[in-house]
Amino acid sequence: MTLEELKKEIFSVPQPPQWRKGQFVFNYIDQIYGVARDVQFKDNVDCFYNDDKIDEFLECVIKRLNKELEDDASN
């Protein structure tokens, strides 16, 4: 998966109007992929409170997801 593919997926879903963009991205990743807190705490990248970190956050998500796919393929 690429960063652009992930962004397209996320932003095709309607965002609740009361949520900031970063909050929406974080919650979507947490609900669908379950890696948001790993990125937040292990990679130290948090977009929940800082919308400027969305791209960096998603890049870390991509790395984690692609690594999981590689690990699954090697087993």
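**Notebook: aromatic cluster, core and helices**

I began with the aromatic residues and found that ring pairs link Phe26, Phe48, Tyr49 and Phe57 into a cluster; rings of Phe, Tyr and Trp (its six-membered ring) pair if their centres lie within 6.5 Å, and planes under 30 degrees apart count as stacked, over 60 as edge-to-face and the rest as tilted. I note that this is a predicted model, in which local features need pLDDT of at least 70 and side-chain atom pairs count only at pLDDT 80 or more, while totals for chains, interfaces and linings use all residues. Residues are numbered from 1 along each chain as its sequence is written, and side-chain values use heavy atoms, with hydrogens and water left out.

**Overall fold**

I looked up the secondary structure next: the chain has four helices and zero strands, which gives the pattern α-α-α-α when read along the sequence. Helices (H or I, at least four residues) and strands (E, at least two) are DSSP runs, numbered from the N terminus. For the dimensions, I noted that the C-alpha atoms fill a box of roughly 45 × 25 × 20 Å along the principal axes. The radius of gyration of the chain is 12 Å, which agrees with the value near 11 Å for a compact globule of 75 residues; the radius is taken over C-alpha atoms, and the globule rule is 2.2 Å times the number of residues to the power 0.38.

**Ring pairs**

I then went through the rings, and the structure holds four aromatic pairs. The rings of Phe24 and Tyr28 have centres 6.3 Å apart and planes at 45 degrees, so I entered this pair as tilted. Both residues lie in helix α2, four residues apart, about one turn of the helix. Phe24 and Tyr28 are both buried, where buried means under 20% relative accessible area, exposed over 50%, and partly exposed in between (1.4 Å probe, protein chains only).

The rings of Phe26 and Phe57 have centres 5.7 Å apart and planes at 35 degrees, so this pair is tilted too. Phe26 lies in helix α2 and Phe57 in helix α4, so the pair ties together parts that are 31 residues apart in sequence. Phe26 is buried at a relative accessible area of 3%, and Phe57 is buried at 0%.

**Nonpolar core**

I checked how the buried side chains group, and the largest nonpolar core has 20 residues, with Leu6, Ile10, Val25, Ile29, Phe57, Leu58 and Val61 making the most contacts inside it. Such a core is a set of buried Ala, Val, Leu, Ile, Met, Phe, Trp, Tyr and Cys residues joined through side-chain atoms within 4.5 Å. The elements that give two or more residues to this core are α1 (3-10), α2, α3 (36-42) and α4 (54-74), and the largest share, seven residues, comes from α4. Leaving aside neighbours within four places in sequence, I found Val61 in contact (heavy atoms within 4.5 Å) with Leu6, Ile29, Val35 and Val39.

**Gln23**

I finished with a polar residue, Gln23, which lies in helix α2 (residues 21-32). Gln23 counts as buried because its relative accessibility is 16%. Not counting residues up to four places away in sequence, Gln23 touches Gln18, Cys47, Phe48 and Asp51. I also looked up the separation between Gln23 and Val45, which are 22 residues apart along the chain, and their C-alpha atoms are separated by 13 Å.
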